[in-house]
Amino acid sequence: MKLVQCPYCKKNLTYVEVCFINSKDNYLCPVCKENSSVVVNKNGRTLSAITLIISCAIVSICFLFLRRGIFWPTILITLIFAAFFILVPFFIELEK
Ligand SMILES: [Zn+2]
């Protein structure tokens, strides 16, 4: 998987840099000083939808059928969301 690059000067961003721009609307390139808008691409939106659906399914199944402890479902959902947040930087794009 490839990380995003500046649309102006083609500077490749590091994983940590992408994590930090993740929560912002704009990215100011330190090399060319140009501003670009931060967007999540189609695959990223699909991934977030899948993450939500799986989490909802796990919660529903646990409440409907298990009625036991919430320890394992909680751990499972935490892991799913952790995986999601680790993967999200690969779905970020910068637009001019
Ligand atoms: Zn740049």
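Hello everyone, this is a short tour of a small sheet and a pair of helices in one predicted model.

Two notes before we start. Residues are numbered from 1 along each chain, as its sequence is written. Because the model is predicted, local features need a pLDDT of at least 70 and side-chain atom pairs count only at pLDDT 80 or more, while totals for chains, interfaces and linings use all residues.

Helices and strands here are DSSP runs numbered from the N terminus: H or I over at least four residues for a helix, E over at least two for a strand.

Let's begin with the sheet. Three strands form an open sheet in the order β1-β2-β3, with antiparallel pairing; two strands pair if DSSP finds at least two bridges between them. Which strands stand at the edges? They are β1 (26-28) and β3 (92-95), each with a single partner strand, so one side of each has no neighbour in the sheet. From one strand to the next, the twist averages 40°.

Now look at β2, residues 35-40. It is joined to β1 by 3 bridges and to β3 by 4 bridges. S37 is a nice residue to find on screen: N26 stands opposite S37, and S37 also stands opposite E95 in β3. Further along, V40 has I92 of β3 as its bridge partner. The hairpin of β1 and β2 has 6 residues between the strands, and K33 there takes a positive phi near 60°.

On to the helices. Helix α2 covers residues 42-66 and helix α3 covers residues 71-87; they pack at an angle of about 180°, with axes 10 Å apart. Axes are lines fitted to C-alpha atoms, for helices over the stretch in contact, and angles run from 0 to 180 degrees between N-to-C directions. That makes α2 roughly antiparallel to α3, a label for angles over 145 degrees.

Who makes the contact (C-beta atoms, placed from the backbone, within 7 Å)? Among the residues are L47, I54 and I58 of α2, and L76, I80 and F84 of α3. The contact residues divide into 12 nonpolar, 3 polar and no charged.

How many residues of α2 are buried? Of its 25 residues the number is 0, so α2 lies largely in the open; buried means 20 or more other C-beta atoms within 10 Å of a residue's own. Helix α3 is hardly covered either, with a count of 0 buried among its 17 residues.

Notes
Parallel < 35°, antiparallel > 145°, perpendicular 65-115°, else oblique. Contact = placed C-beta atoms within 7 Å. Nonpolar A, V, L, I, M, F, W, Y, C, P; charged D, E, K, R; others polar. Buried ≥ 20, exposed ≤ 12 C-beta atoms within 10 Å, placed from the backbone.
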